[in-house]
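This report describes one protein model, beginning with its secondary structure and overall burial and then turning to charged pairs, enclosed space and unusual backbone geometry.

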Amino acid sequence: MDDFARQGVNRDVLDQLVGDRPAYLTARDGHSAWVSSKALAIANITDETEDPAGGRIERDIAGRPTGILHETALRLIQAVLPETTPEEWTRAFEIGQEYMHSLGITAWQDARIESDLLEAYLDADRTGRLRSRVALSLAWDRNRGLDQIEDLVRMRDRLPQPRLSAPTIKLFVDGVLENRTASMLEEYSDVASHGSPLYRDSEIHAITQSCEAAGFSMHFHAVGDSAVRSALDACESSAQTPSQSATRHQICHLQSVDPSDAKRFGELGVIANIQPLWACNDAQMVELCLPGIGETRYATQYPFRSIQDSGGLLAGGSDWRVSTPNPFPQIEVALTRRAPGDSDAVPLAPAESLDLSSDESLYFGRCVRKRLGGCQRIAQVGSER
């Protein structure tokens, strides 16, 4: 992502490469896209098109869409994309499973499941091609209301547990720092914005309580400190519901966490689903994140140790396909706070590093001392698909 400026490149560059053809290229994190003029025309995105709620259409100084879309604005193009066929979903599953097995991983969490991919998993199970155990996180559709819970329950009830299960609902609370859509308590340093929260707090609370009542735990995507606080508040507001004892809520990513909120993970029993590979001064962080949050906030990112020392439970996740599902480079960065193999780099917030020797260390860190297979089995795999 650091090969592009934060706003990306103009659609004219893409037009020179593809001609009068529709092109839709997503950033590796799935939160932004670069599209050609033909794609914009097919989707009827013009100078007058307003930004959708929770999304942004980048524009030049004349107000003309540049071809860069963020967050929910991607759906304007996705609505006119050719349908992915069941055969393509099946092949995608086979490629993914083969790759997981090549790393020794036989069980994972798939962090965003919609109906098409669910059918691919079910077909793989029916035909004997599913040779793994997978916990599916069913995607919450922000275009629908609480009535969708009935459909999510029906999806869960179709699964042949324990091989396939769906214990959680995936809810995106905000976007990402790189495109300034992560929801922040303080404004960004380079734009007059707090980011793009995707829900009001009251909505997050209602969704959480309703999902709990249906027997689901929550899997929140929260990058900015404001989004993390909103997710924690929702967990706290639901703590007295009858189903609370059966829930295991998790918040993933946690790039920016206010110090006052780090201790709440332990207090509330919320799992911190962390992606250690990102906690280093790589080019993407320095070139895309640092200008947006400034030196002070930058130096406090990914507070793994603070959450752990306050009694929080850490779970190591990869967020594959955004980054590698191989657990070993992730363990390395969790310990060193440097990019893998770069022992001379300045570590990012070194006080937040984890320690393999600690009895309370990261789960996959403890497991690597026991045996290789155990370490790899618990590497958590997800996608921002």
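Helices (H or I, at least four residues) and strands (E, at least two) are DSSP runs, numbered from the N terminus, and on that numbering Pro 162 is placed in the loop between helix 6 (148-157) and strand 7 (164-172). The model is a predicted one, and what follows should be read with that in mind.

## Overall organisation

In total, the secondary structure of the protein amounts to 15 helices and 11 strands. The protein has 385 residues, and buried residues make up 51% of them. Among contacts with a separation of 6 or more, 70% are accounted for by residues 24 or more positions apart. The accessible surface comes to about 17,000 Å², and carbon and sulfur atoms hold 51% of that surface.

## A network of charged side chains

Side chains of opposite charge can pair when their charged atoms come close. The structure holds 22 salt bridges, and the table sets out three of them.

| Pair | Closest N to O distance |
|---|---|
| Arg 229 and Asp 258 | 3.3 Å |
| Arg 264 and Asp 233 | 2.8 Å |
| Asp 261 and Arg 264 | 3.1 Å |

The salt bridge between Arg 229 and Asp 258 links distant parts of the chain, with Arg 229 in helix 8 (residues 225-237) and Asp 258, 29 residues apart from it, in the loop between strand 9 (250-253) and helix 9 (259-262). Arg 229 is partly exposed, at a relative accessible area of 26%, and Asp 258 is likewise partly exposed, at 22%.

Arg 264 takes part in a salt bridge with Asp 233; because Arg 264 lies in helix 10 (residues 264-268) and Asp 233 in helix 8, this pair ties together parts of the chain that are 31 residues apart in sequence. The two partners fall into separate accessibility classes: Arg 264 is buried, with a relative accessible area of 10%, whereas Asp 233 is partly exposed, with a relative accessible area of 24%.

Arg 264 also forms a salt bridge with Asp 261, and here both Asp 261 and Arg 264 are buried. Through salt bridges that share partners, Arg 229, Asp 233, Glu 236, Asp 258, Asp 261 and Arg 264 are joined into one network.

## Enclosed space

Rolling a probe the size of a water molecule over the atoms shows where empty space is left. A search of the whole structure finds three cavities of 30 Å³ or more, and the largest cavity contains about 220 Å³ of space. This largest cavity is lined by 18 residues, of which Glu 178, Gln 255, Trp 278, Gln 284 and Tyr 302 are the closest to its centre. What is the character of the lining of the largest cavity, in terms of nonpolar, polar and charged residues? The lining of the largest cavity divides into seven nonpolar, five polar and six charged residues.

## Backbone geometry in the loops

Most residues other than glycine have a negative phi, and most peptide bonds are trans. Against that background, the peptide bond from Gln 161 to Pro 162 is cis, with omega near 5°.

Two residues other than glycine can be named for a positive phi. Arg 180, for which phi is near 65°, is found in the loop between strand 7 and helix 7 (201-213), and a relative accessibility of 4% places Arg 180 among the buried residues. Asp 319, for which phi is near 60°, lies in the loop between strand 11 (313-316) and helix 13; Asp 319 counts as buried too, at 7% relative accessibility.

## Around helix 13

Pro 327 is found in helix 13 (residues 327-336), and its relative accessible area of 1% makes Pro 327 a buried residue. The C-alpha atoms of Pro 327 and Gly 316 are separated by 8.4 Å, and the two residues are 11 residues apart along the chain.

Asp 355 belongs to the loop between helix 13 and helix 14 (363-368). Is Asp 355 buried or partly exposed? Asp 355 is partly exposed, since its relative accessible area is 32% and buried means under 20%. From C-alpha to C-alpha, Asp 355 and Arg 305 are 9.0 Å apart in space, although they are 50 residues apart in sequence.

Notes: Residues numbered from 1 in each chain as written. Predicted model: local features only at pLDDT ≥ 70, side-chain atom pairs only at ≥ 80, totals over all residues. Heavy atoms only, no water. Salt bridge = Lys/Arg side-chain N within 4 Å of Asp/Glu carboxyl O. Buried < 20%, exposed > 50% of the residue type's maximum accessible area, 1.4 Å probe, protein only. 1 Å grid on protein atoms, 1.4 Å probe; cavity = no way out; pocket = protein on both sides within 12 Å on 5 of 7 lines; lining within 4 Å. Points joined across faces, edges and corners; volume = space filled by probe spheres on them. Nonpolar A, V, L, I, M, F, W, Y, C, P; charged D, E, K, R; others polar. Contact = heavy atoms within 4.5 Å. Areas by Shrake-Rupley, 256 points an atom, 1.4 Å probe, with all protein chains shown as cover.
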